[in-house]
Amino acid sequence: MRPATATAAAVTTLIGVGAAAIAAGRYASDAALRAPSGRPLPGDPRLTVHAAESGRVTLTRSLASLRPGTYGLDGPDVHAVVGPVLDRVPHSADTVVRRLERVEYGTLEPGARVRLTPVLHTGTPLSALGVDHEDVEIPGELGPLPGWLVPGPRPTWVVALHGLGTTRLQPLNLVPFLSRRQIPVLIPAYRGDEGAPPSPDGLSHLGESEWRDADAAVRYAVRRGARHVVLYGWGTGATMALHVAADSGVRDAVRGLVLDSPVLDREATLRALVAARHVPAPLLPLAVRAATTRAALDGARLQDAADPAALRIPTLVFHGPDDTLAPWEPSLRLAARRPELVTLQTVRRAPHASMWNADPVRYEEALRRFLTPLL
């Protein structure tokens, strides 16, 4: 082959490889940024139901099915709630028996494929919990945002912001606790959620643009009579809460933050999301770069919002070392830098945004101590 021909062939090959890599990076970034609201997060294994009887369900044995605490069990046309592992119940070596608290809908048939989820309830605050609520419409940047308002007489409201892979149903886990303390709770949907306007580009921005819908929810709460607001966010909802506290025109109304599994290192979270979709390791950097560029994610803005030096209000963080989606270490550093403002509750053996599920009693006691002086 002549040198010129060989060079041309090599260049053509490189261009082809480069184009293929770019296409693969774009495809991989879609896996991280186009997941619809409520779609299970990647990484958690599907479990097989081996048996289900009154008060018990037998599942495939894995680290996931052995987690302590209370979880939803979600599968096609079925949603149930499971409690602790029942160690003393006879079972085979490759299975786990957990207490079956209830079946929300459907039937747990042997052979069904299910996942553990932090979401326990289905329906509305009234239908799921027997707690009165008002269906509200929050004026948002892109259009009306549906929300649930659980009323209460206290002047300090909680605005609860769900995170990745969940919907407005996730904050229902805490509504009974907050309602017993007569705290008004506003649970908004935001862009990309069912019933809310879509993101203009169809992508999740991991809180970078969604925080403006959280800002709209705070403004709505203030118009409805809230004197103060505590922002309560899970995962990217926690990121949104930090942005509101730092950048909102009504940030003076924000009296405290509760951050559950906060996404403080967006690149690490993107990498985890992409890797969990089985993207080959050599493509991970390209996929993360593609996702960052396509969603116009500004790491500097997140750093500013989560800057320990800029934090000015009491903050309670629930996080743990077993969160494979949002690294725990940034939460440790945040708490270490501002111990006078930040309280970190370490929760072990809990996946992302499931800190309450792992130990509801301990979690709610920490939350009670934090909220009491803010009410």
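**Note on a predicted model: a buried aspartate, two sheets and the salt bridges**

1. The side chains of Asp 260 and Ser 261 are joined by a polar contact of 2.9 Å, where a polar contact is a pair of N or O atoms within 3.5 Å, one of which, within protein, must be able to donate a hydrogen and the other to accept it, residues adjacent in sequence counting only if both atoms are side-chain atoms. This is a predicted model, in which local features need pLDDT of at least 70 and side-chain atom pairs count only at pLDDT 80 or more, while totals for chains, interfaces and linings use all residues. Residues are numbered from 1 along each chain as its sequence is written, and side-chain values use heavy atoms, with hydrogens and water left out.

2. Asp 260 belongs to strand β12 (residues 254-260), strands (E, at least two residues) and helices (H or I, at least four) being DSSP runs numbered from the N terminus. Asp 260 is buried and yet has no salt bridge, the nearest side chain of opposite charge being that of Arg 362, 11 Å away. Here buried means under 20% relative accessible area, exposed over 50%, and partly exposed in between, with a 1.4 Å probe and protein chains only; a salt bridge is a side-chain nitrogen of Lys or Arg within 4 Å of a carboxyl oxygen of Asp or Glu. For charge, Lys and Arg count as positive and Asp and Glu as negative, whereas His and the chain ends are not counted.

3. Which residues does Asp 260 touch, not counting residues up to four places away in sequence? Among them are Gly 233, Trp 234, Phe 318, Met 355, Trp 356 and Tyr 363, contact meaning heavy atoms within 4.5 Å.

4. The structure holds 14 salt bridges. Side chains of opposite charge can pair when their charged atoms come close. One of these salt bridges is formed by Arg 191 and Glu 141, at 2.7 Å from N to O. Arg 191 lies in the loop between β10 (185-188) and α4 (211-223), and Glu 141 in the loop between β7 (134-139) and β8 (144-150), so the pair ties together parts that are 50 residues apart in sequence. Arg 191 is buried, at 6% relative accessibility, whereas Glu 141 is partly exposed, at 48%. Salt bridges that share partners join Glu 141, Arg 191, Arg 212 and Asp 213 into one network.

5. Two further salt bridges link residues that are partly exposed. Glu 101 and Arg 99 meet through their side chains at 2.9 Å, N to O, with relative accessible areas of 35% for Glu 101 and 37% for Arg 99. In the salt bridge between Glu 104 and Arg 102, the closest N and O atoms are 2.6 Å apart, and these residues are partly exposed as well, Glu 104 at 26% relative accessibility and Arg 102 at 31%.

6. A closed barrel of 6 strands runs in the order β1-β2-β5-β4-β3-β6, with antiparallel pairing, two strands being taken to pair if DSSP finds at least two bridges between them. From one strand to the next, the twist averages 45°, axes being lines fitted to C-alpha atoms, for helices over the stretch in contact, and angles running from 0 to 180 degrees between N-to-C directions. Within the barrel, β1 (residues 47-53) and β2 (residues 56-60) pair in the antiparallel sense over 4 bridges, and Ala 51 has Thr 58 in β2 as its bridge partner.

7. How are the strands ordered in the open sheet of 8 strands? The order is β7-β8-β10-β9-β11-β12-β13-β14, with mixed pairing, and the edge strands, each pairing on one side only, are β7 and β14 (342-346). The twist in this sheet averages 20° from one strand to the next. β7 and β8 pair in the antiparallel sense over 6 bridges, with Asp 135 standing opposite Trp 148 in β8. Helix α4 packs on the sheet, where it touches β7, β8, β9 (156-161), β10 and β11 (228-234), and its direction makes about 115° with that of β7.

8. Two residues other than glycine deserve a check of their backbone angles. Leu 206 has a positive phi of about 55°; its place is in the loop between β10 and α4, and it is buried at 1% relative accessibility. Gln 182 also has a positive phi, near 60°, and is found in the loop between α3 (175-180) and β10, but Gln 182 is partly exposed, at 43% relative accessibility.
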